[in-house]
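I opened this notebook to record what I looked up in one structure. The entries follow in the order in which I made them.

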Amino acid sequence: MSTPQSPQQKGHGLLVVGLATAVMTLSLLQTLVVPVLSRIAEQLDADLTAVAWVLTANLLAAAVATPVLGRLGDVYGRRPVMLGILVVVLAGILLALFTSSLPLLIVARVLQGTSYGLFPLSMGVLRDEVPPQKLTQSMALVSATLGVGGVVGLLVTGLLTQGDASYRRPFWFGLAITVIALVIGWFTLPRTKPDGTNTSVDWVGGGILGAGLVLLLLPISQGESWGWSSPATIGLFVAAVVVLVSWVFVEGRIKQPLASPKLLANRGVAMTNVAGLLVGFGLFASFLGITSFVETPGALTGYGFGADVLTASAVYLLPGGVIGVIAAPFIGAFVHRVGAGRALSTGATFGVIGFAGMALFHDHTWQMVLFGSVGQLAVTFGFATLPALLVQSVQPSETGVANSVNSIMRSVGSALASALITSLLTGMVSDTTGLPSEGAYVVVFVLGAIAFAVVALIGLFGVRGHHAVAAQEEREEAAVSMAGEFSPVSGLSS
């Protein structure tokens, strides 16, 4: 007997499009300014070290806001919180477009950093609204836009800032995408009421966690300029450990904590968070490693292709982004068939092949495009499977906070990759050219391969298998089926 579809089931395709657009906004804004930092310094007459805060402030704001925004969605409903985030991001983009002050540009990037909260909230919406048999595919498609948005951000910046164009131009594109996401979200985000499980926001825990993350990410992102052995860097790392450990103790004594220690200690959640950190590392190792390598003038160094920002994005990164979009629905079906753990391991194997290939074979353009695309496919696999791993490890009411913590771990991994790659490229330089040596890039790519090798092991041995997921989906599908048989209009079990 066929089960009639509810309006939510019929419209879930447009909902997925809206969520994918929102998620792409956050990854696009993350990379939009990366190629134009030196131009910002030039056009605002500012020191490049100070301009680096345009990136750092965005990352710090994301770390502080993401878990709190996830809990606000649980308490007040995901629709108003997501629309509110998009409005705040819109204000941040407008400020970036019309200010000529570096401090105000940094404030604008702080406002834009709230966009990171869109991803965990989107995963919660999908779990509540999408039919169980479509959940993994939908999560994979929305998650894939994280990597794609990053590539689009680099490509758009390259297109719009050719010559002596203003660094503000790419923000107009970000404005358009954010408006589109806001309009689609207004019409597609469900007006679902919270289930009442969470009735308060743990502001104390959020404040302590935010402080700990700032203390951790600040030395990671600024360590190269401060000096890794400087008192400030070491002191902040020590302070971060103290504050984060104290946060764990505080959360254990709060009735409705932001993230309970029991949740964080859950084997599936803990292993997924480690995998998230390493996938975030792989994402930036790919972006920064490939772009820096191909932009190196080969005539001077004996390696590299002398590409400009546009060529580096369009020729060397865009193919991997396109492959990710095409592969996302198939990855979702693959997760549904074999389980998230095996799918994660399979995708990570692509990462090992891609990064190892770039370390060994990088003399020709086609080699970098081929192996770089394979490496980017691994990142897409990671983004697509991590939410599915969390779904099978936590209760529905914990989906938002679990994905929030995982998003933070990915951000930490990206920050680590950025800091480490910068250190390698500035520390391993040629005596004759003063540019990074070829061996520095080999080390970067080897580290990427190692990161994905560990992810593959986590997928095989660190998380629950397919049968637990299948059993849960069967129970959910049975509930939907029973609702259809005994009710005039079938509802969607959440």
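**Entry 1: Helix 9 and helix 18**

I noted that helix 9 and helix 18 are oblique to each other, because their axes cross at roughly 140° and the oblique class takes in angles over 115 degrees that do not exceed 145. The model I am reading is a predicted one. Helix 9 covers residues 132-160 and helix 18 covers residues 365-391. I looked up the separation as well, and the two axes come within 8 Å. For the hand of the crossing I recorded right-handed, as helix 9 passes helix 18.

**Entry 2: Helix 6 and helix 8**

I then turned to a second pair of helices. Two packed helices are described by the angle between their axes and by the distance between those axes. For helix 6, residues 78-98, and helix 8, residues 118-129, I found an angle of about 150° and axes 10 Å apart. Helix 6 is therefore roughly antiparallel to helix 8, since the cut-off for that term is an angle over 145 degrees. I entered this crossing as left-handed.

**Entry 3: The salt bridge**

How many salt bridges does the structure hold? I found 1. Side chains of opposite charge can pair when their charged atoms come close. Here the partners are R78 and D128, and their closest N and O atoms are 2.5 Å apart. The pair links distant parts of the chain, with R78 in helix 6 and D128 in helix 8, 50 residues apart. Is R78 buried or exposed? I recorded R78 as buried, because its relative accessibility is 14% and the limit for that class is under 20%.

**Entry 4: L94 and L175**

I stayed with helix 6, where L94 is found. L94 counts as partly exposed, because its relative accessibility is 37%. I looked up its distance to L175, and the C-alpha atoms are 7.6 Å apart in space, while the two residues are 81 apart in sequence.

**Entry 5: Helix 10 and a nonpolar patch**

Which residues make the nonpolar surface patch of about 440 Å²? I listed V179, V183, W186 and F187. F187 lies in helix 10, which covers residues 169-188. I recorded F187 as exposed, because its relative accessibility is 68% and the class begins over 50%.

W172 also lies in helix 10. I noted W172 as partly exposed, because its relative accessible area is 45%. From W172 to G341 the C-alpha separation is 40 Å, and their positions lie 169 residues apart along the chain as the sequence offset.

**Entry 6: S166, ahead of helix 10**

Where is S166 placed? I found S166 in the loop between helix 9 and helix 10. Its relative accessibility is 24%, so S166 counts as partly exposed. I also looked up S166 against L209: the two are 43 residues apart in sequence and 37 Å apart in space, C-alpha to C-alpha.

**Entry 7: L218 and A57**

L218 has its place in helix 11, residues 203-226. I recorded L218 as buried, because its relative accessible area is 14%. Between L218 and A57 the C-alpha atoms are 9.1 Å apart, with 161 residues of separation in sequence.

**Entry 8: D45**

My last entry concerns a backbone angle. What is the phi value of D45? I found phi near 55°, a positive value in a residue other than glycine. D45 is found in the loop between helix 3 (37-43) and helix 4 (48-51). I noted D45 as exposed, because its relative accessible area is 72%.

Methods:
Residues numbered from 1 in each chain as written. Predicted model: local features only at pLDDT ≥ 70, side-chain atom pairs only at ≥ 80, totals over all residues. Heavy atoms only, no water. Patch = residues over 30% accessible without salt bridge, like charges linked within 9 Å, V, L, I, M, F, W, Y side chains within 5 Å. Areas by Shrake-Rupley, 256 points an atom, 1.4 Å probe, with all protein chains shown as cover. Salt bridge = Lys/Arg side-chain N within 4 Å of Asp/Glu carboxyl O. Helix = DSSP H or I, 4+ residues; strand = E, 2+ residues; numbered from the N terminus. Buried < 20%, exposed > 50% of the residue type's maximum accessible area, 1.4 Å probe, protein only. Axes fitted to C-alpha atoms, helices over the stretch in contact; angles between N-to-C directions. Parallel < 35°, antiparallel > 145°, perpendicular 65-115°, else oblique. Left-handed = near helix turned anticlockwise from the far one by under 90°.
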